[in-house]
Amino acid sequence: MEEKAPKKKFSEMFEENPRKVVISICLAAIISVCVIIAFYFAVSRYEGFLEAVDKFNLIIQPFIIGFAMAFLMNPIMKVMEKPLNKKFLKTSKNPARTRKVVRVITSIIALIILLAIIILCIVLIVPDTVAAIKDLMGTLPEKVEMLLDGINKFTDYRFETQIADVKNSELSEVMKDTFGWIFNYFNLGDKSSWSNIASGAVTVGHVVVNIIVGIFVSVYALISKDVFRGQIKKIIYGAFKTENANEIMDVGRKTNDIFYGFIIGKIVDSIIIGILCYIGCLILKMPYSVLVSVIVGVTNVIPVFGPYIGAVPTVLIIFITDPIKGITFLIFVLALQQLDGNVIGPKILGESTGISVFWVIVAIVVGGGLFGFMGMLLGVPIMAVIYYIVGKIATRKVKKKNLPEGTAEYVELNHVDTETNEIVLNDPNDKSGGSFRLFRGFKKKKKSEESDDKE
């Protein structure tokens with residue numbers, strides 16, 4: 001391999017082409033000023049900035065829905081597309097046209113399958129869930145009082161005065177007023193309710209329109225995904241050096257693998273957990289089986305904290321209805337989450353993210369604090385991509401300096417000798433923090449290996 005030419009100093013570049021250097025400095029200064037102004041505006045006008053972001057999100061909502069649907073439809077389409085292409089291309093006189101027709105057909109079939117799954121879930125889950133919520137809201141004050149009576153009896157009336165104070169407090173009145181407000185929300189005799197209904201209808205209509213537009217966007221995105229992929233690659237290789245463009249392409253492929261592996265895997269995992277929870281609730285004869293299973297399944301999408309977030313309200317709901325069954329369900333859901341964490345989850349997800357639990361927690365906390373539920377879900381794959389990029393940059397930098405690329409070799413590193421390029425490690429026998437040379441410099445070691453290979 002030819003050695004790369006050494007980088008030119010600033011003085012040499014200025015002597016060769018002073019006009020180009022001045023223009024580059026001016027452009028950098030202008031961009032820096034614009035970034036500073038934008039940052040100052042975002043900080044000083046925080047509320048206005050958030051309103052602008054919300055409005056922008058509202059405008060691009062159809063595209064977000066469409067690309068999200070295309071993301072879920074793509075694996076379904078790819079499963080059907082490969083065998084159909086294999087079958088029809090053998091007898092086709094126009095392969096390009098045949099591929100396009102197959103792509104259109106498989107995209108539409110994938111859309112139908114996805115919509116069928118969504119509608120089936122709505123038909124099977126939503127009515128029972130709504131009925132359970134209504135029943136719970138209507139009977140919760142009485143159930144709380146029954147629970148307090150049960151606690152009073154269980155403690156042999158030792159805390160009768162305290163429990164009576166709780167029962168006589170405003171808790172039950174507040175709950176009744178809250179549920180009464182919810183039930184009377186759609187009271188047609190109230191003028192304010194008419195405005196609420198009108199605004200709600202407008203919102204629902206807007207969402208329906210966005211979903212319809214998103215459906216068309218998803219189909220066209222899948223049909224044209226090869227064209228989009230080619231255009232993006234063309235822009236990348238036109239805008240960057242070939243070496244940098246190759247690195248960007250590698251990061252893009254890794255990003256695609258991480259997002260597909262994590263999100264699709266997590267959805268499948270959560271569906272399995274929701275079904276298992278429903279079966280377990282039926283066997284144990286738990287109340288509100290559908291509602292509880294939906295909560296457990298949906299919250300399971302969130303890594304690490306999801307199972308515990310879902311366990312708290314579900315156990316509380318069952319415990320208020322029947323304390324013994326609440327304790328039984330707590331044991332069951334903990335066993336179910338252990339099964340998911342140690343068997344089902346690893347089998348489905350594998351090493352899709354490649355980051356430790358610490359960085360997963362950081363991603364969930366930061367993502368959830370900034371963007372709520374979606375931040376908790378997407379924060380983990382985004383953190384995995386950032387982790388991969390930073391690791392790749394660090395590996396390239398140490399490789400240029402002829403230092404080891406593996407992380408394990410830096411754990412006990414004390415320093416690197418600047419003259420000999422030797423790695424100096426911590427001395428495990430020296431409690432004062434001394435160091436010793438475990439092996440010779442990486443550069444010298446590498447050269448000796450190359451000479452041995454030549455011999």
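Helices here are DSSP runs of H or I with at least four residues, numbered from the N terminus. The model is predicted.

**Figure 1. The loop between H10 and H11 holds Tyr288.** Tyr288 has a phi near 55°, a positive value in a residue other than glycine. Tyr288 is buried, because its relative accessible area is 13% and the cut-off for buried is under 20%. Lys285 is also placed in the loop between H10 and H11. Its phi is positive as well, about 55°, although Lys285 is not a glycine. Lys285 directly follows the helix: H10 is followed by this residue. Lys285 is exposed, with a relative accessible area of 64%. Most residues other than glycine have a negative phi.

**Figure 2. Helix H10 runs from 242 to 284.** H10 has 43 residues. At 1.5 Å a residue, H10 should span 63 Å. The end C-alpha atoms of H10 are 62 Å apart, so the model agrees with that expectation.

**Figure 3. The largest nonpolar core has 18 residues.** Those with the most contacts inside the core include Cys277, Cys281, Tyr288 and Val292. Val296, Phe329 and Val333 belong to that group too. Helices H10, H11 (289-299), H12 (306-321) and H13 (323-349) each supply at least two residues of this core. H13 gives the largest share, 5 residues.

**Figure 4. Cys277 in contact with residues further along the chain.** Leaving aside neighbours within four places in sequence, Cys277 contacts Val292, Ser293 and Val296. Phe329, Phe332 and Leu336 are also in contact with Cys277. A second, separate core has 15 residues, among them Phe259, Phe262, Ile364 and Val385.

**Figure 5. Asn300 sits in the loop between H11 and H12.** Is Asn300 buried or exposed? Asn300 is buried, because its relative accessible area is 1%. Not counting residues up to four places away in sequence, Asn300 touches Lys266, Asp269, Ser270 and Ile273. Pro307, Gln337 and Asp340 also touch Asn300.

**Figure 6. The whole chain, for context, has 15 helices and 3 strands.** Buried residues make up 27% of the 455 residues. The accessible surface of the chain comes to about 31,400 Å². Carbon and sulfur atoms account for 67% of that surface. Among contacts between residues at least 6 apart in sequence, 59% join residues at least 24 apart.

How values were computed:
Residues are numbered from 1 along each chain as its sequence is written. This is a predicted model: local features need pLDDT of at least 70, side-chain atom pairs count only at pLDDT 80 or more; totals for chains, interfaces and linings use all residues. Side-chain values use heavy atoms; hydrogens and water are left out. Buried means under 20% relative accessible area, exposed over 50%, partly exposed in between (1.4 Å probe, protein chains only). Contact means heavy atoms within 4.5 Å. Accessible areas come from the Shrake-Rupley method with a 1.4 Å probe; for residues, only the protein chains shown count as cover. A nonpolar core is a set of buried Ala, Val, Leu, Ile, Met, Phe, Trp, Tyr and Cys residues joined through side-chain atoms within 4.5 Å. The expected span of a helix is 1.5 Å times one less than its number of residues.
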